[in-house]
Amino acid sequence: MFTYFVHRVLVMIPTLVVISILTFIIIQLPPGDYLSNQLEELKSQGESASAIAKIAFYREEYSLDKPLIEQYAIWMGFWPGPDGFSGMIQGDWGQSFAYDLPVREVIGDRLGLSFLINFATIVFIYVVAFPIGVYSATRQYSIGDYGFTLVGYLGLATPNFLLAMVLLYYANVYFGISIGGLMDDKFVDQPWSVDKALSIMDHMLIPVVVIGTSGTASMIRRLRANLLDELQKQYVTTARAKGVPRLKALIKYPIRMSLNPFIADIGNLLPDVISGSVIVSMVLSLPTVGPLLLEALRNQDQYMAGSLLMFLALLTVIGMFVSDVLLAVLDPRIRLSGGATK
């Protein structure tokens, strides 16, 4: 198990390197960049030479006049830039040209709030999906099974952003409250406190439900199908014939074996939740990284976009790592054999 753990950690390093290369290529694909677009706009508006000189300074300061390979090496911190070694691996995420601030200052609390709301959404999905999936599988074709199946199909068919707009409308019209944002306005620029934390918890309920609806519905269907398949196997029939109590016979093997795909979905669930929360964050005015990433990609703010994409990639790789480790703990058959056949 220790060898498996170490191997998975070591695999994460080249995986992140490959992702960083793909990320850099993606943000370089559109013609031009933020500075070149700004330069053309300033020239068309007849701006002063000082503004144009500032853009030229940025281009030289951040090595944007270098070849792409060298730009990538400097961005990651593998190669010294004008100020020596500084890059992603040193904690320097570069400059946001659109905000004229370091990326770390622009992102600020958005990373923490994004992680919080996505983590809460994943917990919501598993807490709701697990008991419903088990109930539907053990009571197949019952009224409850049909009811949860209908709700599941509705959850899969309803776009998250549409559900968010419906809740916004009804909350405002019938209850006179606004569920936009992730905290009360008075706490936006205030330091962290108990009241601010409670305000965030109050505002998180609707976003978590909206973002987690489709994930919960698909997880219920998957767990139900896996458990139904296990319940039809011979070992379950044998256990019941030997007089093993129904609950014990259900928990000891069928549920345990049906959890493999359930846990394996942790790695896929995290990027799905993040990608599904971008439009919802815009509709609900949530201060997360989703709208910021969309704005950075639209403006070709390459350091901002690259840093956010790497953050999302890191969360995805961590999610895959957690799911692999949990699967190895749950199922002893999942292990590394070092290439040997036994």
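**Exercise 1: two helices side by side**

Work out how helices α8 and α9 are arranged in this predicted model, using the angle between their axes.

*Solution.* Start with the two elements: α8 covers residues 160–174, and α9 covers residues 194–231. Next, look at their axes, which come within 9 Å and cross at roughly 150 degrees. Now apply the cut-off: angles over 145 degrees count as roughly antiparallel. The two helices, α8 and α9, are therefore roughly antiparallel to each other. Finally, add the handedness: α8 passes α9 in a right-handed crossing.

**Exercise 2: one residue on α9**

Is I206 buried, partly exposed or exposed?

*Solution.* First, find I206 in helix α9. Then take its relative accessible area, which is 23%. Buried means under 20% and exposed means over 50%, so I206 is partly exposed. As a last step, pair I206 with L284: they are 78 residues apart in sequence, and their C-alpha atoms are 9.3 Å apart in space.

**Exercise 3: the largest pocket**

Describe the lining of the largest pocket, beginning with its volume.

*Solution.* The volume of the largest pocket is about 370 Å³. Its lining has 16 residues, and those closest to the centre are L16, M76, M88, M310 and L314. Turning to the helices, α1 (2–28) and α13 (302–330) each give at least two residues to this lining. Sorting the lining by class gives 14 nonpolar and two polar residues, with no charged ones.

**Exercise 4: the second largest pocket**

Which residues lie nearest the centre of the second largest pocket, and how does its lining divide by class?

*Solution.* This pocket has a volume of about 310 Å³. Among its 16 lining residues, D109, R110, L113, V188 and P287 lie nearest the centre. At least two lining residues come from each of α5 (103–107), α6 (110–138) and α11 (246–283). By class, the lining of the second largest pocket divides into nine nonpolar, three polar and four charged residues.

**Exercise 5: an enclosed space**

How many cavities of 30 Å³ or more are there, and what lines the second largest?

*Solution.* The count comes to two cavities of 30 Å³ or more. The second largest cavity has a volume of about 60 Å³. Its lining consists of F24, I27, Y62, S63, L64, Q71, W75, Q302 and Y303. Two or more of these residues come from each of α1, α4 (68–76) and α13. By class, the lining of this cavity has six nonpolar, three polar and no charged residues.

Conventions: Residues are numbered from 1 along each chain as its sequence is written. This is a predicted model: local features need pLDDT of at least 70, side-chain atom pairs count only at pLDDT 80 or more; totals for chains, interfaces and linings use all residues. Side-chain values use heavy atoms; hydrogens and water are left out. On a 1 Å grid over the protein atoms alone, a cavity is a set of points where a 1.4 Å probe fits but cannot get out, and a pocket is an open set with protein on both sides within 12 Å along at least five of seven lines; lining residues have an atom within 4 Å of a point. Grid points are joined across faces, edges and corners, and a volume is the space filled by probe spheres set on the points. Helices (H or I, at least four residues) and strands (E, at least two) are DSSP runs, numbered from the N terminus. Ala, Val, Leu, Ile, Met, Phe, Trp, Tyr, Cys and Pro count as nonpolar, Asp, Glu, Lys and Arg as charged, and the others, Gly among them, as polar. Buried means under 20% relative accessible area, exposed over 50%, partly exposed in between (1.4 Å probe, protein chains only). Axes are lines fitted to C-alpha atoms, for helices over the stretch in contact, and angles run from 0 to 180 degrees between N-to-C directions. Angles under 35 degrees count as roughly parallel, over 145 as roughly antiparallel, 65 to 115 as roughly perpendicular and the rest as oblique. A crossing is left-handed if the near helix is turned anticlockwise from the far one by less than a right angle, and right-handed if clockwise.
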